[in-house]
Amino acid sequence: MTTTKDPVIKLANLRMSYGGRQVLNGVDLEVYPGQIIGYIGPNGAGKSTTVKIMLGLVEGYQGEVQVFGQHPGDGDASYMKRIGYVPEIAELYDTLTAREYLTFIGELYGLSTDEAEMRARRMMTEFSLGDVFNSRITTFSKGMKQKVLLISSLLHNPDVLFLDEPLSGLDANSVMVVKEMLALLAAQGKAIFYSSHIMDVVEKISSRIVLLDGGRIVADGSFDELKAQNHEGSLEQIFNQLTGFNEHQDIAGRLVSIVQEV
Ligand SMILES: Nc1ncnc2c1ncn2[C@@H]1O[C@H](COP(=O)(O)OP(=O)(O)OP(=O)(O)O)[C@@H](O)[C@H]1O
């Protein structure tokens, strides 16, 4: 992919092993402002590991990692203020109210208390959660917690967003709001790393799709480019083809047989 802008993220020959087992086998990737990267791959492909390395949460990798020209783990974490992160499994502080939690997160990202609280309140209201701003997060439904997480990743107006299954638990109306919001943010120059197993959403929202399999990038391009290269109709079919998976009917049949055995 060619562009005149500098990459916000650059990975070169990124490798990582856990206990002698290689989980990243040389990942090369440059991400540019305005891109929505659909970052996909089978379970265990290495998606979360890559993201955690970029966030400075995992060390011990080999190869080159640059985020806004900085190297994670070099002691200067100032680039983190330009990043928003929605993890797949979140450690929300359930005993706090949404106001307390979001104000705390906003302050961590360098906002004043008043600014963090005001921005959080306004975003909560837009997500129809204005009435529960002062309620404890422990009382929230899964979708409500997901909205709080999304808000927490956006409070400080980051330049790069890492989103892992960001639509998890959201109702159909909220899904439309978030998809539209991501498109608007990308149009303003934000780079968005969108990791999900929901292929039809990835297909629609991504300007570029990166498919990781076995710790390697096996496809990188727009959906139309991948379609032209693979002669398949949907991203789900391209995913199946590139990851060599064509056994879903056999496996489903065997599972149903087991279910029916008793
Ligand atoms: N802390 C760890 N210790 C040992 N192995 C790990 C650790 N974290 C991840 N792994 C292994 O690294 C491989 C890649 O894991 P990773 O979580 O990056 O995959 P993923 O692509 O995000 O998968 P999923 O789609 O299931 O979330 C897996 O085989 C996993 O078991």
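This report walks through two sheets and several helices of a predicted model.

A word on conventions helps at the start. Residues are counted from 1 along each chain as its sequence is written. Because the model is predicted, local features need pLDDT of at least 70 and side-chain atom pairs count only at pLDDT 80 or more, while totals for chains, interfaces and linings use all residues. Helices (H or I, at least four residues) and strands (E, at least two) are DSSP runs, numbered from the N terminus.

**The six-stranded sheet**

Let's begin with an open sheet of 6 strands, ordered β5-β6-β7-β3-β8-β9, in which the pairing is mixed; two strands pair if DSSP finds at least two bridges between them. Its edge strands, β5 (83–86) and β9 (216–221), each pair on one side only. Direction ignored, neighbouring strands here are turned by 15° against each other on average; axes are lines fitted to C-alpha atoms, for helices over the stretch in contact, and angles run from 0 to 180 degrees between N-to-C directions.

Strand β7 (residues 191–195) runs parallel to β3, joined to it by 4 bridges. On its β6 side, β7 also pairs in the parallel sense, over 5 bridges. In β7, 5 of the 5 residues are buried, so the strand is largely enclosed by the rest of the structure. Buried means that 20 or more other C-beta atoms lie within 10 Å of a residue's own, exposed that 12 or fewer do, and partly exposed anything in between, with C-beta atoms placed from the backbone. Ala 191, Phe 193 and Ser 195 point one way from β7, and Ile 192 and Tyr 194 point the other way.

The table lists partners across strands in both sheets.

| Residue | Partner |
|---|---|
| Ile 36 | Ile 192 in β7 |
| Gly 38 | Tyr 194 in β7 |
| Val 160 | Ala 191 in β7 |
| Arg 15 | Gln 62 in β4 |

**The three-stranded sheet**

The other open sheet has 3 strands in the order β2-β1-β4, with antiparallel pairing. Its edge strands are β2 (21–31) and β4 (62–67), each of which pairs on one side only. Neighbouring strands of this sheet are turned by 25° against each other on average, direction ignored. Strand β1 (residues 9–18) and β4 are antiparallel partners over 5 bridges.

**Helices**

Helix α1 (residues 47–54) meets both sheets. It lies across β3, β6 (160–164), β7 and β8, running at about 150° to β7. Likewise, α1 lies across β1, β2 and β4, at about 120° to β1.

Next come helix α2 (residues 98–108) and helix α4 (residues 142–154), whose axes come within 9 Å and cross at roughly 25°. The two are therefore roughly parallel to each other, a label for angles under 35 degrees (over 145 is roughly antiparallel, 65 to 115 roughly perpendicular and the rest oblique). Their contact is made by Ala 98, Tyr 101, Leu 102 and Ile 105 of α2 with Val 148, Ile 151 and Ser 152 of α4; contact requires C-beta atoms, placed from the backbone, within 7 Å.

Finally, helix α8 (residues 235–242) has Leu 235, Ile 238 and Phe 239 as its buried residues. These cover an arc of only 100° around the axis, which puts them on the same side of α8; the arc is that of the directions from the helix axis to the C-beta atoms. What covers them includes β3 (36–40), α6 (199–205), β8 (208–213) and α7 (223–230). After α8 comes Gly 244, with a positive phi near 65°.

Conventions
Contact = placed C-beta atoms within 7 Å.
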